[in-house]
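Please open the model in the viewer and display it as a cartoon. The tour begins with the whole chain and then proceeds to selected aromatic side chains.

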Amino acid sequence: MPRLLIIHHTPSPYTQAMFEAVISGATDPEIEGVEVVRRAALSVSSSDFLEADGYLLGSPANLGYVSGALKHAFDCSYYQILDSTRGRPFGLYLHGNEGTEGAEKAVTSITTGLGWVKAADYVAVSGKPSKEDLEQCWNLGATVAAQLMEG
Ligand SMILES: Cc1cc2nc3c(=O)[nH]c(=O)nc-3n(C[C@H](O)[C@H](O)[C@H](O)COP(=O)(O)O)c2cc1C
């Protein structure tokens with residue numbers, strides 16, 4: 001069964017709300033035959049990356065970049081997964097209160113290096129997530145999961 005791996009750093013209630021909305025979309029009953037696995041960014045292993053077929057990344061923007069936790073996930077696995085995960089789809093959600101551009105750029109750079117394929121527009125939320133923001137998160141989860149459904 002195809003597997004979607006959600007790699008997230010979730011340090012606050014707002015990031016938790018976004019994470020839950022993404023999971024809810026990814027596990028919608030209409031999306032059949034896709035296993036959704038979640039890993040905290042500080043605990044994800046190279047095997048987790050290799051055993052997945054697509055990825056959802058979630059992080060706060062910190063100091064103009066992704067969280068150290070998400071960076072750590074890639075620092076530890078980059079060369080182990082390089083060339084073995086090329087072409088796989090991914091999505092990204094970010095929470096930041098002062099601008100997420102640097103974090104978006106960082107993820108684009110990392111995933112371009114890995115050869116991953118952006119499967120949906122990035123979702124970036126500032127402040128308390130609105131109903132529409134959480135719908136966007138839901139759609140992100142559903143969109144990336146649906147791409148893994150076997151035709
Ligand atoms: C050390 C530190 C650096 C941060 N840098 C940024 C940043 O560069 N851009 C940004 O949009 N938010 C930044 N933030 C805000 C975090 O993204 C925010 O705290 C996180 O998304 C959780 O949101 P919340 O605290 O409102 O729940 C920073 C927060 C901390 C603690």
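From start to end of the sequence, the protein chain runs β-α-β-α-β-β-α-β-α-β-β-α, a total of five helices and seven strands. Here helices (H or I, at least four residues) and strands (E, at least two) are DSSP runs numbered from the N terminus. This is a predicted model, in which local features need pLDDT of at least 70, side-chain atom pairs count only at pLDDT 80 or more, and totals for chains, interfaces and linings use all residues. Residues are numbered from 1 along each chain as its sequence is written, and side-chain values use heavy atoms, with hydrogens and water left out.

Next, select all Phe, Tyr and Trp side chains. The whole structure contains eight aromatic pairs, counted where ring centres (six-membered ring for Trp) lie within 6.5 Å; planes under 30 degrees apart are stacked, over 60 edge-to-face, and the rest tilted.

Select Phe90 and Trp116. Their pair is tilted, at 6.1 Å centre to centre and 50 degrees between the planes. Phe90 belongs to strand β5 (residues 89–95) and Trp116 to the loop between α4 (101–114) and β6 (117–118), so the pair ties together parts 26 residues apart in sequence. Phe90 is buried at 2% relative accessible area, and Trp116 is buried at 6% (buried is under 20%, exposed over 50%, partly exposed in between; 1.4 Å probe, protein chains only).

Now add Phe49, Tyr55, Phe74 and Tyr122: ring pairs link these with Phe90 and Trp116 into a cluster.

Finally, select Lys118, which lies over the face of Tyr122 at 4.0 Å from the ring centre (criterion: NZ of Lys or CZ of Arg within 6 Å of the ring centre and within 35 degrees of the ring normal).
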